[in-house]
Amino acid sequence: MKETLIKNALVYDGTGAKPFSSDVLIRGTKIARIGRIPPADTYEVIDANGFALSPGFINTHSHMELEILRDPRLCQVVEQGITTEVLGQDGSSVAPLTDDLVKELADNMAPLAGTIPGPYTWRSFSDYMSVVEEMKPAARFVSLVGHGTIRMNVMGNDNREPTAAELQAMKDLLANCMEEGAKGMSLGLIYPPGSFAKTDELIELAKVVAAYDGLIMVHMRSEKDKLLEAVDEMRAVVENSGVRLQISHHKALGPRNWGKVHQSVASIYAMREKGYDVTIDQYPWTAACTGLKVCVPQWAYDGGEQGFQNRLKEPAVYEQILKETRDEIEARGGAQCIMLASVATEEYAWMAGLKMDAISEKLGMDVGRAVLHILQHEGPEVIAIYFSISEEDVIYVMKNDIHCVCTDGIVGAHPHPRAYASFPRFLGHYVRDEKVMPLEEAIRHITSEPARRLRLWDRGLIREGLDADLVLFDPAMINNANSYIEPTLPPVGIHHVWVLGEVKVCN
């Protein structure tokens, strides 16, 4: 059995306690000893040189479902110290599905996770997780099951309330996924078909998750003008189901909404004061990233991608879609705040990395028509970056003790830099340089606290007997080196990353 001795480390154990100088012995997949440990002939010895040794970082919001299949080395994940990723976000998981749903579900997943060359070969939730294990990915993975995916399995992409029988079928399918290892359910309440659900439907499904002590992670119904109303909806879900809740990538989009996070966070603490376990996560950047299709009114996707494409061909309906699309673009800050990250075809590959004002000018259209033209031509795969978040809001959300970090990483032709360096940016730019919190508290936010929320009791702390998921980094150097212009540059300051005792990064 392989044994690795890490000498002279400054150990941040994940609890938020002050660090201490120590050696750490890894034996096989476990942390075997912590203390002053003399070298032995059987040990591989690594001198930490006084650098920080922390538990592996846990990314609570990931879109790497298909990237695992494309490239299981996952360099953009492990190079930033992430040892565990949480899949199945925003109401969209790649499982479960039926034979009839393969293309439709792939269309729904495309803006969030991209595509793969062939069809989805799995069907059940456990089938997919087995496929992931067979790929032997560099990082560890757990997954939620997407509410939108559950809904598609029972109701397709219909914009209506479920019948009693359909609601029961959704509850049964959700329970089955929880039995197969799902950590909870995600909600994507701006993405059809999940956006078609009323609050009562969410409450009934949340009761199933609560029965398994699972977690709901939610992309709320609004992060813009109706942010506070969206928090109120989630309070109704929590209070009527007892479910544990995490609000994903908490923020206020668009200049006219900046500052609302003060009120939204206050509402979250009010829920916690009543005894409910409600938390938030955040990516440490001032730009969002998701499909370009979010600029289109949700009702336009009744019936899925084909329903949307058909509506664009009806002149009167097109004009209504156009009007609402223009309004949404304006709410996000305008054409100059939207940059395309990836498209589907070579013909439009020139658009990746350009903002919509420049693209619109080249196309000879106003921005609303340009967005609809692109979606008509390219389909659902188009991913955009939205420069719509206030730096002051980012720092305010980050300072709360209920906060943890995520990447919300989507990989594309010109991806958001968050997919490559969110955790180093948090520890370097915000914690060290901006001094938003002590380093030991910051490490708690990205290790033991997300482990607690996900009930991952085998990781998240440096403790004898726990899994050897560890990161060795230089606190004086760690940071992102990338930018919106050069998003794929790896971070700096991380020296070693171990996943279950195996070295995945060695700089």
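Let me open with one pair of residues in this predicted model: Gln 246 stands opposite Thr 279, and Thr 279 belongs to strand S13. That pair sits within a longer pairing, since S12 and S13 run parallel to each other and are joined by three bridges.

Stepping outward from there, the sheet that holds these strands is an open one of six strands, in the order S9-S10-S11-S12-S13-S17, and its pairing is parallel. Its edges are strand S9, residues 145–146, and S17, each of which pairs on one side only. On the other side of S12 in that order comes S11, and here strand S11, residues 215–219, pairs with strand S12, residues 244–247, in the parallel sense over four bridges. If you want one position to find on the screen in that pairing, take Ile 216, whose bridge partner in S12 is Leu 245.

How is S13 covered on its two faces? On one side Val 278, Ile 280 and Gln 282 are all buried, and on the other side Thr 279 and Asp 281 are buried as well, which agrees with the count for the strand, where five of its five residues are buried. There is also a helix to place against this sheet: helix H7, residues 199–211, lies across strand S10, residues 184–188, and S11, and it runs at about 155 degrees to S10.

Now to the loop that follows S13. Trp 285 lies in the loop between strand S13, residues 278–282, and strand S14, residues 288–291. Is Trp 285 buried or exposed? Trp 285 has a relative accessible area of 3%, and because the cut-off for buried is under 20%, Trp 285 counts as buried. Setting aside neighbours within four places in sequence, its contacts include Ile 389, Val 394, His 416, Pro 417, Arg 418 and Tyr 484. The side chain of Trp 285 also makes a polar contact of 3.0 Å with the side chain of Ser 422. As for distance along the chain, Trp 285 and Thr 407 are 122 residues apart, yet their C-alpha atoms are separated by 9.5 Å.

One of those contacts, His 416, deserves its own description. His 416 lies in the loop between strand S17, residues 403–405, and helix H15, residues 418–433, and it is buried, with a relative accessible area of 0%. Which backbone atoms do polar atoms of the His 416 side chain approach? A polar atom of that side chain lies 2.7 Å from the backbone oxygen of Ala 287, and the side chain reaches the backbone nitrogen of Arg 418 at 2.9 Å. Beyond its neighbours within four places in sequence, His 416 is in contact with residues including Trp 285, Ala 288, Cys 289, Ile 385, Tyr 484 and Pro 487.

That brings us to Arg 418, which lies in helix H15 and is likewise buried, at a relative accessible area of 0%. The side chain of Arg 418 reaches the backbone oxygen of Cys 289 at 2.8 Å. Not counting residues up to four places away in sequence, Arg 418 touches, among others, Gln 80, Tyr 283, Trp 285, Thr 407, Asp 408 and Gly 409.

There is another sheet to mention, with three strands. It is open, has the order S6-S7-S8, and its pairing is parallel. Strand S6, residues 57–59, and strand S8, residues 140–143, are the edge strands, each pairing on one side only, and the twist averages 20 degrees from one strand to the next. Within it, three bridges join S6 to strand S7, residues 82–87, and Phe 57 stands opposite Ile 82 in S7.

Finally, the chain as a whole. The protein chain has 17 helices and 20 strands. Its radius of gyration is 22 Å, close to the 23 Å that the globule rule gives for 507 residues, so the chain is as compact as a globular protein of that length. Along its principal axes the C-alpha trace spans about 80 × 50 × 45 Å. Of the 507 residues, 62% count as buried, and the chain exposes about 18,000 Å², of which carbon and sulfur atoms supply 51%. Among contacts with a separation of 6 or more, residues 24 or more positions apart account for 76%.

How values were computed
Residues numbered from 1 in each chain as written. Predicted model: local features only at pLDDT ≥ 70, side-chain atom pairs only at ≥ 80, totals over all residues. Heavy atoms only, no water. Pairing = 2+ DSSP bridges. Axes fitted to C-alpha atoms, helices over the stretch in contact; angles between N-to-C directions. Rg over C-alpha atoms; globule rule 2.2 N^0.38 Å. Buried < 20%, exposed > 50% of the residue type's maximum accessible area, 1.4 Å probe, protein only. Contact = heavy atoms within 4.5 Å. Areas by Shrake-Rupley, 256 points an atom, 1.4 Å probe, with all protein chains shown as cover. Polar contact = N/O pair within 3.5 Å; in protein donor to acceptor, adjacent residues only side chain to side chain.
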